Amino acid sequence: MYDNSYDAFLSVTCTDSQETTRLADYPRYDTQAQTTAPHFGKAWLWSSSGCAGDAFTGQDEDAYVGPYDRYTPKGVLIVGNYWDPATAYTGAVETRKVLGRSRLVSSDSWGHTAYGVSSCVTKAVDTYLVSGSSPARPHLRGRDPAFPTREERAARPLRRSRR
C-alpha cells in the first residue's frame, strides 16, 4: 500500500504559503535553519523543500499572506513551549508582538507540543476553542514535569495495569 503522508504534508504546507524561495538557495538556508532550530531546523527545511517557489507551481489563490498586524475581532491564542525542539519559544514571543490582540500561553513542557501534554495549557486551549475566551493573564505558565521529583512522584498515585 502506498503511504501518501508526505504528499499530504507537502500539499498542505505548500498551499498555505506563497513561496518565493529557490531550491538552489536551500544549502544556504541550511546553515540558518541549524542556527535557528538546532535540533529540528534542517529536518523541517529539507522536508519542506518541495515547496520552493521554483519546485512547486500550485498556488492557493486566496491564501492569506498578511498583513498580520491588524486588530482582529477575536483575539488569537498563541502557545509557546520553552522546550520544543522544533519551534523555538522565541518564535511565539515574536508572533505575539506582531499580533496585537493576542495572548501568549507559555508552557514549561518537554517535546514538540504542549496541548495534551500540559494540563494547564490544554485547559487554556480548550476554553479558548469552546468559549472564545483567552486566559486573563497574558502569560500562563503550565508545567507538568517530564522528570518529576521524588516528592512529586510520591504525591501522585502509581497506576498499574491489571492483568
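In this predicted model, the second largest pocket holds about 260 Å³ of space. Its lining is made up of 15 residues, and those nearest the centre are Ile-78, Val-79, Gly-80, Thr-87 and Ala-92. Two elements, β1 (76-83) and α4, each supply at least two residues of this lining. Strand β1 gives the most, with five residues. Sorted by class, the lining of the second largest pocket has seven nonpolar residues, seven polar ones and one charged one.

The largest pocket contains about 470 Å³ of space. It is lined by 19 residues, and the closest to its centre are Ala-33, Gly-41, Trp-44, Leu-45 and Ser-48. Here the elements to look for are α2 (26-36) and α3 (41-47), each of which supplies at least two lining residues. Helix α2 provides the largest share, five residues. The classes in the lining of the largest pocket are 10 nonpolar, eight polar and one charged.

Helix α4, which helps to line the second largest pocket, covers residues 89-98 and includes Val-98. Val-98 also belongs to a nonpolar patch on the surface, together with Tyr-64, Val-65 and Tyr-68. The four residues have about 410 Å² of accessible area together. A residue needs over 30% relative accessible area to be counted in a patch. Val-98 passes this cut-off because its relative accessible area is 42%, a value that makes it partly exposed.

The next topic is charged side chains. The whole structure has five salt bridges. Asp-25 takes part in two of the pairs described here: one with Arg-22, where the closest N and O atoms are 3.5 Å apart, and one with Arg-28, at 3.7 Å from N to O. Arg-22, Asp-25 and Arg-28 are thus linked in a network of salt bridges.

How buried or exposed are the members of this network? Asp-25 has a relative accessible area of 19% and is buried, because the limit for that class is under 20%. Arg-22 is partly exposed, with a relative accessible area of 45%. Arg-28 has 56% relative accessibility, so it counts as exposed, the class for values over 50%. The network therefore joins a buried Asp-25 to a partly exposed Arg-22 and an exposed Arg-28.

Another salt bridge pairs Arg-70 with Asp-69, and their closest N and O atoms are 2.9 Å apart. Asp-69 is partly exposed, with a relative accessible area of 46%.

Definitions and conventions
Residues numbered from 1 in each chain as written. Predicted model: local features only at pLDDT ≥ 70, side-chain atom pairs only at ≥ 80, totals over all residues. Heavy atoms only, no water. Patch = residues over 30% accessible without salt bridge, like charges linked within 9 Å, V, L, I, M, F, W, Y side chains within 5 Å. Areas by Shrake-Rupley, 256 points an atom, 1.4 Å probe, with all protein chains shown as cover. Helix = DSSP H or I, 4+ residues; strand = E, 2+ residues; numbered from the N terminus. Buried < 20%, exposed > 50% of the residue type's maximum accessible area, 1.4 Å probe, protein only. 1 Å grid on protein atoms, 1.4 Å probe; cavity = no way out; pocket = protein on both sides within 12 Å on 5 of 7 lines; lining within 4 Å. Points joined across faces, edges and corners; volume = space filled by probe spheres on them. Nonpolar A, V, L, I, M, F, W, Y, C, P; charged D, E, K, R; others polar.
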